[in-house]
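Visitor: I have a model open here and would like to go through it with you. Could we start with how the helices pack?

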Amino acid sequence: MSELLKKMNKALGLELRAINMYAHYAAYVKGLHRLQLEPLFQSEATESMLHAATIRNAIVKHGGKCVTERDSNPINHTENYRDMLQGALDTEIKAAATYGELLQMLEDIDDRELYDSVEQIYLTELRSVEEMRLLLN
Ligand SMILES: [Fe+2]
């Protein structure tokens, strides 16, 4: 498998993990924080699903084979909202780093459309990193 396909599959695995993690935290977040964090976690889960779809289509277009298993990094079960936000922050930092690397690889490849959509995803991940940081402050 090419390095590009490997990196895209890394990103896809991370998105599959993020879908799982955010859906889990949306179900378990309790108390007054639930009012704000349940919708936030739901929308992050939906966003991860959209990112996964974009990357999956790109892997298919480039003749690759998509992973079906999520990234194996454990999802910490907790009912503490700060621990959830910390898990979210760590997840977003890793996603942003992976898309940053993918973007660099795409600079040498003739697929402008893919470059643009990965750039959009990358910017979204960076915004999420900032959002989680602010919520934890
Ligand atoms: Fe994402």
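Guide: This is a predicted model. One place to begin is the pair α2 and α4, where α2 passes α4 in a left-handed crossing.

Visitor: Which residues make that contact?

Guide: On the α2 side they are E44, E47, H51, T54 and A58, and on the α4 side L114, S117, I121, T124 and S128.

Visitor: And how do α2 and α4 cross, at what angle?

Guide: Their axes cross at roughly 155 degrees and come within 11 Å. Angles over 145 degrees count as roughly antiparallel, so α2 is roughly antiparallel to α4.

Visitor: Step back a bit. How many helices and strands does the protein chain have?

Guide: There are four helices and zero strands. Read from the N terminus, the order is α-α-α-α.

Visitor: Where do the helices start and stop?

Guide: α1 covers 3-28, α2 covers 34-61, α3 covers 81-106 and α4 covers 112-136.

Visitor: What about α3 and α4, how do their axes cross?

Guide: The axes of α3 and α4 come within 8 Å, with a crossing of roughly 155 degrees. The two helices are therefore roughly antiparallel to each other. Their crossing is left-handed.

Visitor: And α1 with α3, which hand is that crossing?

Guide: α1 passes α3 in a left-handed crossing. The contact draws on E3, L4, K7, M8, K10, A11, L14, A18, M21 and Y25 from α1. From α3 it takes M84, G87, T91, K94, A95, T98, Y99, E101, L102 and M105.

Visitor: Angle and distance for the axes of α1 and α3? What are they?

Guide: Roughly 160 degrees, and the axes come within 10 Å. These helices are therefore roughly antiparallel to each other as well.

Visitor: Changing topic: the core. Which residues in the largest nonpolar core touch the most other members?

Guide: M8, A11, L12, I55, Y99 and V118, in a core of 32 residues. Each of α1, α2, α3 and α4 supplies at least two residues of this core.

Visitor: Why would such residues gather in one place?

Guide: As a general tendency, nonpolar side chains in soluble globular proteins are buried together.

Visitor: Y99 has come up twice. What does Y99 touch?

Guide: Leaving out residues up to four places away in sequence, Y99 touches A11, V118, I121, Y122 and E125. A11 is also listed in the contact between α1 and α3, and I121 in the contact between α2 and α4.

Visitor: I clicked on Q120 while looking around there. Where is Q120, and how far is Q120 from Y99 in space?

Guide: Q120 is in helix α4. Its C-alpha is 9.8 Å from that of Y99, and the two are 21 residues apart in sequence. Q120 is partly exposed, because 13 other C-beta atoms lie within 10 Å.

Visitor: Q104 next. Is Q104 buried or exposed?

Guide: Q104 counts as exposed, because there are 10 C-beta neighbours inside 10 Å and the limit for exposed is 12 or fewer. Q104 sits in helix α3. Between the C-alpha atoms of Q104 and H33 the separation is 38 Å, for 71 residues along the chain.

Visitor: Now the loop between α1 and α2. Is L32 buried or exposed there?

Guide: L32 lies in that loop and counts as exposed, because 8 C-beta neighbours are inside 10 Å. The C-alpha atoms of L32 and M1 are separated by 48 Å, at 31 residues apart along the chain.

Visitor: And K30, where is its place?

Guide: K30 is in the loop between α1 and α2. K30 is exposed, because it has 11 other C-beta atoms within 10 Å. From K30 to N137 is 19 Å, C-alpha to C-alpha, although their positions lie 107 residues apart in sequence.

Visitor: Last topic, the overall dimensions. What box do the C-alpha atoms fill?

Guide: Roughly 50 × 25 × 20 Å, taken along the principal axes. The radius of gyration is 15 Å, which agrees with the value near 14 Å for a compact globule of 137 residues.

Visitor: What percentage of the residues is buried?

Guide: Buried residues make up 33% of the 137. As for contacts with a separation of 6 or more, 77% of them join residues 24 or more positions apart.

Note on methods
Residues numbered from 1 in each chain as written. Predicted model: local features only at pLDDT ≥ 70, side-chain atom pairs only at ≥ 80, totals over all residues. Rg over C-alpha atoms; globule rule 2.2 N^0.38 Å. Buried ≥ 20, exposed ≤ 12 C-beta atoms within 10 Å, placed from the backbone. Contact = placed C-beta atoms within 7 Å. Core = buried A, V, L, I, M, F, W, Y, C linked by C-beta atoms within 7 Å. Axes fitted to C-alpha atoms, helices over the stretch in contact; angles between N-to-C directions. Parallel < 35°, antiparallel > 145°, perpendicular 65-115°, else oblique. Left-handed = near helix turned anticlockwise from the far one by under 90°.
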